[in-house]
Each structure stands twice: as C-alpha cells, then as structure tokens.
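Please open the model in your viewer and keep the selection panel handy. We will walk through it one stop at a time.

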Amino acid sequence: MIADVAETAPSDPRFATLPGRPGKIIAVHLSYASRADQRGRRPAQPSYFLKPSSSVAAGGGTVERPAGTELLAFEGEVALVIGTEARRVAAATAWDHVGWVTAANDLGLYDLRAADKGSNVRSKGGDGFTPLGPRLLDARTLDPAGLRVRSWVNGRPAQDDTTAGLLFPLAQVVADLSQHLTLEPGDVILAGTPAGSSVVGPGDVVEVEVDAPTAPGAPSTGRLVTTVTQGEVPFDAALGSLPAADDVQRAEAWGSREAAGLPPVAPALTPELRDKLERVPVAGLSAQLRKRGLNLVTVDGVRPLRPGAKLVGTARTLRFVPGREDLFASHGGGYNAQKRAFDAVEPGEVLVIEARRDPDAGTLGDVLALRAHARGAAGIVTDGGVRDADAVAAVGIPVFAAGPHPAVLGRKHVPWEADVTIACGGTTVQPGDVVVGDADGVIVVPPALAEEVADAALAQEDEDGWIAARVAEGHPVQGLFPMDAEWRARYEAWRAER
C-alpha cells in the first residue's frame, strides 16, 4: 500500500513525508554499475557516509546554493525507511526490516568536498540537501530488485536506472549496515545514484521519481520536485574552510570533463614522447635515472614472454594479497578486482600487477590477455606467473612476467584492489607512472622526468653508437670509453657535420 504524507506526518513539517524524524540518514557512496563505470572504478564492497536529519526537506521545495559556490549537484536515489529494528540480520531477511521506499535527492556541494576529506559533513549536510517523498511505498509489496529511479532537470530526462543495476543489492546494504550498528525504525538509507548526476544552478528544477513498473498497479512515489535558489550569505573565512573548486571536482560534479566544459586531459605520453621511448633502450633509461639519483626503479625478475617485445605505456595497477580461503571466497569470485582491472584498462596503458614476486600461480591467462589486447592496452607486467603462456604470447600484447605456471589464481593469490600504489618486482609503481620494457627488463619512469630522460638517453645512444663504431675500426677503448678531451672534440665535430 501507499502511505500518504498526511497519514504519517509528524509535527515538524520537514519530516512530513516520513513516519517521524529519522535518527540517522546513511548514504551509500558508489553503488550503481552505471555510475561506477562513469567514475572509472568499481568498489569491492559498499561504503557509507552519514547525513544529518536537519538536511531533510519534506516533498522537495527549494534548496539554496550557498554564496561563493558553483558545484551544487543533484543525485536521484531510492530511499529506504526502516520499519523494524535491525541488528546483525542476514541478507535473506534484511528486506523484512524495510518499512517503506521513497524518492530522494542526495544534493551535495563539490566545492566543499576537499575540506571534509570524504566525510561529506559540509558538502552533503546542508539544510534542504536531502529532499524525500512525496509519498511512501509499502516495501512489503515491492521487489527490491525491481525498483526504478528517474530524474529530470527542467523537464529533460537526466537519470534512468533500476535497482537491478546495483553493485550491491539493497538487502545486502541493510544487512551489512546492521552488522555494524542498530538500524532503528525511521532511519533512512540512501541507496546511491546511477549515472547522470550533474550540476544545477539557481532557477533549475530537479524532479526525482521512484516506481516499481513491473509490480501490480506500478506504484510510484510521484515526483519529488526541488527548485534551486541562490544564497546571499557568504561563508566566514574566520570560522573554517571556504569553498574551493578545481577541475577534478568540476569533472566529477558534472559527470565528465566534457560536460564541465573542460578540455580533454593531455595524455601522459604524447605521440612524440612515446616514439622516443620506443627507440630508447631500457638500459639507457636506467643510466639516466641513476644520474638523477633514482636507482630503485627496475621491476626485477620479469622477462618478456615473447622475445623482442617492447613495452611503452602508463601504469594501471592491480594488487593481489596472499591467498587465504575465506578471503578468496569473499573476493576471488564474481566481478572481482582482477576482472575489473582488465575491463577498465585504457588504450596505451600497461596493467602492472603486484603478486609479491610469487611465481607459483598464474596471475592472468589467455582470456584476460585477449581482453587487455581488445581494450588497446600497451602491455601487461606481473611479478607473478602466467597461465597458458604460449597462448598469452600468441595474443600479441607485450607481457612481462616472472615465468609460466599452470596453477589458477586461487592457489596463491586473492585479487584485492586496483588503481592504487603497488610494489611490483621490488619497485613502487603508481597509477600514471611511465613503464618501459625490453629484453633487459622493465623500468618505471616518473612522468615528470620522462621527456628529459628520454632525450638524454637518445643522445647517449648516439654517443655510444659513435664510440662503438670507432672500437670496431680498431681503436683501443683507453681514452675513448669514456671519451677524453681529444676524442670528445672529434665526436663534437662529427655531430656538427651531421
């Protein structure tokens, strides 16, 4: 059944769409596959933040964009209202503790995200930042996987997704939260937003609706309508952090750099720099980095599966932790970190895998190598083993590994996380580092030094080539390697004639 606002309204009009003032409002950070793909990362488990109940606005109304801010973003969401107390409940029975479902708009100020370091207290806690309603749907009549959330901005469709697209089912979220804290009647859980969230400004009207289109009667919350107004009172710098927006926050608030009106990010490797690195040997890069005080930059113990392979790209990282049966049961199956990493690698990137220098189990096989190749990856580096080594080598993508091994991943490793700083072959690798490999091995180049060391290494290659030619002519190495003043003068004269 649908509980009208009038049937449940408490005395405070801010909570007129709810059974009462919620003791707590808990929001899921990243929960829809469409949103995760938009952000380029998929969490392995749900994570949460709290919003104050003072942010609730019954049925919508108006919300103020504070003076001095530019990045107020809407997020249409499914909201769960707890009906009966839940503490350490199982996922199989968790939905029984949900009393109602309604629509929510999880508004937030990206201008204030940096100041809160992820807590979202100021960025998500403002007055009116949690519109709810306008009607409650009886959760007992609904399939938690069959709910739809849609949003409109000024009448134009902006979001459209269903709870079938959640990374974490609603019952799992309720059960997970209940193992950490008691969910009490009236508490609200905001289930996260799908792709399409973006920035709104003064005068914009946002509408959010949650319905169950396949349920009998297709029950709907109706449209939750919120109008944005402009605030006039500035923040006081003497009291705390002021709003600040940068291009990273703009891109995330709008949904993409393009939507924010920002130019594309220049690739870490321009075509010209990539060409230089294709021509310079790893040994030459190693020598130049050593001159600059960087000695711990080689990925030790890895060799190319295919002789003659050359590898150049920017790092995308994946980390395995030591095998443990219970952890592999929770993290090894399904759409785990390994599969997510191979699905997310971009053209020109090198997937670098930390396997703790343990070669006694495969960290990839031919199917994943094919996936990386199809994605346009520049190569793969792993300090662990490779299954189906001949088939992987035949794919054509450069792969550097500790060696072949027939065992599956679960024998030694648990896929844990991606896009983090890792240790591979004894060296630290960060996402975005420049990775170069050849027959001598693999080296990691800090992006800020890549152009400089590539030019210096190519210049050294010319010099070494000239010296080698003189040795081949029969000259002794004394005074020539390294060059004394006389030989240096001859070399410079040769260069001037070229």
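Start by selecting Ala-337, Gln-338, Arg-340, Ala-341, Phe-342 and Ala-344, the buried residues of helix 11. Bear in mind along the way that this is a predicted model. With 6 of its 8 residues buried, helix 11 is mostly covered. What lies over those buried residues? Add strand 18 (311–322), strand 19 (349–354), helix 12, strand 20 and strand 24 (413–418) to the view, since the cover includes them.

Stay here and show the side chain of Asp-343. Asp-343 forms a salt bridge with Arg-371, at 2.6 Å from N to O. This pair links distant parts of the chain, with Arg-371 in helix 12 (residues 366–374) and Asp-343 in helix 11 (residues 337–344), 28 residues apart. Are the two partners buried or exposed? Asp-343 is partly exposed, because its relative accessibility is 27%. Arg-371 also counts as partly exposed, at a relative accessible area of 33%.

Next, pick Thr-382, in strand 20 (residues 379–382). Its relative accessibility is 0%, so Thr-382 counts as buried. Which residues touch Thr-382, leaving aside those up to four places away in sequence? Show Val-302, Ile-353, Ala-355, Thr-363, Leu-364, Phe-400, Ala-401, Ala-402 and Cys-424 as sticks, and you have its contacts.

**On to the sheet**

Colour the 5 strands that form an open sheet with mixed pairing, in the order 5-15-14-11-12. Strand 5 (60–65) and strand 12 (156–162) stand at the edges, and each has a single partner strand, so one side of each has no neighbour in the sheet. From one strand to the next, the twist averages 20°.

Within this sheet, zoom in on strand 11 (residues 148–153) and strand 14 (residues 205–211), which run antiparallel and are joined by 6 bridges. A good pair to label is Val-149 and its bridge partner Val-210 in strand 14. As background, strands of a sheet pair through backbone hydrogen bonds, either parallel or antiparallel.

Now turn on the side chains of Arg-148, Arg-150, Glu-207, Glu-209, Asp-211 and Arg-223. A network of salt bridges links these six residues.

For another strand pair, go to strand 2 (residues 25–28) and strand 3, which are paired in the antiparallel sense over 4 bridges. Label Ile-25 here, whose bridge partner in strand 3 is Lys-51. Which residues of strand 3 are on its covered face, and which on its uncovered one? Phe-49 and Lys-51 make up the covered face of strand 3 (residues 48–51), while Tyr-48 and Leu-50 make up the uncovered one. In a regular strand the side chains alternate between the two faces of the sheet.

**More charged pairs**

The whole structure holds 34 salt bridges. Side chains of opposite charge can pair when their charged atoms come close.

Select Glu-252 and Arg-39, whose side chains form a salt bridge at 3.6 Å, N to O. Glu-252 belongs to helix 7 (residues 247–254) and Arg-39 to helix 2 (residues 33–39), so this pair ties together parts that are 213 residues apart in sequence. Both Glu-252 and Arg-39 are buried.

Then move to Arg-488 and Glu-492, where the side chains meet in a salt bridge at 3.9 Å, N to O. Arg-488 and Glu-492 are 4 residues apart in helix 15 (residues 485–497), which means that about one helical turn separates them. Arg-488 is partly exposed, with a relative accessible area of 30%, and Glu-492 is partly exposed too, at 34% relative accessibility.

**Last stops, at the surface**

Switch to a surface view and select Val-471, Val-477 and Phe-481. These residues make a nonpolar surface patch of about 270 Å². Val-471 sits in helix 14 (residues 450–472) and is partly exposed, with a relative accessible area of 34%.

Finally, find Arg-290 in helix 9 (residues 282–291). Arg-290 counts as exposed, because its relative accessible area is 58%. To finish, draw a distance line between the C-alpha atoms of Arg-290 and Val-392: they are separated by 33 Å, and the two residues are 102 residues apart along the chain.

Conventions:
Residues numbered from 1 in each chain as written. Predicted model: local features only at pLDDT ≥ 70, side-chain atom pairs only at ≥ 80, totals over all residues. Heavy atoms only, no water. Patch = residues over 30% accessible without salt bridge, like charges linked within 9 Å, V, L, I, M, F, W, Y side chains within 5 Å. Areas by Shrake-Rupley, 256 points an atom, 1.4 Å probe, with all protein chains shown as cover. Salt bridge = Lys/Arg side-chain N within 4 Å of Asp/Glu carboxyl O. Helix = DSSP H or I, 4+ residues; strand = E, 2+ residues; numbered from the N terminus. Buried < 20%, exposed > 50% of the residue type's maximum accessible area, 1.4 Å probe, protein only. Pairing = 2+ DSSP bridges. Axes fitted to C-alpha atoms, helices over the stretch in contact; angles between N-to-C directions. Contact = heavy atoms within 4.5 Å.
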